[in-house]
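Good morning, colleagues. I should like to take you through the strand pairing in one model, so please have the sequence and the coordinates open.

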Amino acid sequence: MTMRRDPGILTARDSYVLEKLLNGWPPLTEEWLALLRRKLSTARLPLGAPIPAGLATVDARVAFRCASGLTDSRTLCLPGTYAPGSAFLPVTTFYGLALLGLREGESLRFDRPEGRSDWIVLEKVLFQPAAAQAATEEPASEIRPAFRLVAGGLDGRAFVAANENGPGPGPGPSAA
């Protein structure tokens with residue numbers, strides 16, 4: 001019998017965030033800590049690999065559905081950027097942590113402190129900033145320099161230094 005791995009894949013940044021939470025954040029409950037450890041055991045996206053547009057990462061805007069019947073869209077965020085009543089969902093909550101690393105259509109079941117089992121489904125990634133940024137960047141071979149150097153490009157042109165008094169040598173150091 002093979003052991004089934006939890007769905008999802010973590011980016012290097014998200015892995016780092018979860019490691020910091022594990023080592024420096026007091027666990028909310030044993031169930032939350034168990035979910036955090038499960039997340040840290042999921043697959044990892046290689047460093048430098050392109051981030052798929054349908055992957056829920058920190059700063060991604062996601063639409064989800066959960067066992068309670070709630071259907072919502074929120075932006076996954078770090079605990080310090082959360083403001084109560086906002087459109088953000090910190091990864092320190094059960095739903096925020098469960099969504100992190102899921103791909104569109106994937107679901108995750110987890111235990112709650114009340115002794116019940118809960119689940120969440122990532123319906124859609126509405127905005128993935130890392131994927132959007134990668135799509136707008138030009139490949140390295142197509143990047144054009146901001147300016148072009150031409151050897152001898154100003155030969156034959158007279159260049160006169162200007163100062164606050166117009167062209168010429170100026171009043172000199174005694175004017176300072």
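I begin with one residue pair: R61 stands opposite F127 in β7. Before I continue, this is a predicted model, in which local features need pLDDT of at least 70, side-chain atom pairs count only at pLDDT 80 or more, and totals for chains, interfaces and linings use all residues. Residues are numbered from 1 along each chain as its sequence is written, and side-chain values use heavy atoms, with hydrogens and water left out.

As to terms, strands are DSSP runs of E with at least two residues, numbered from the N terminus. Two of them count as paired if DSSP finds at least two bridges between them.

Strand β3, residues 61–66, runs antiparallel to strand β7, residues 117–127, and 6 bridges join them. β3 also pairs with strand β4, residues 71–77, in the antiparallel sense over 5 bridges. Within that pairing, A63 has S73 of β4 as its bridge partner.

β7 is likewise joined to strand β6, residues 107–111, by 5 bridges, again antiparallel. Here F110 stands opposite D118 in β7. The hairpin of β6 and β7 has 5 residues between the strands, and G115 takes a positive phi near 90° there.

What is the order of the strands in the open sheet? It is β5-β4-β3-β7-β6, 5 strands with mixed pairing. β5 (88–90) and β6 stand at the edges with a single partner strand each, so one side of each has no neighbour in the sheet. From one strand to the next, the twist averages 45°, where axes are lines fitted to C-alpha atoms and angles run from 0 to 180 degrees between N-to-C directions.

Notes: Helices (H or I, at least four residues) and strands (E, at least two) are DSSP runs, numbered from the N terminus.
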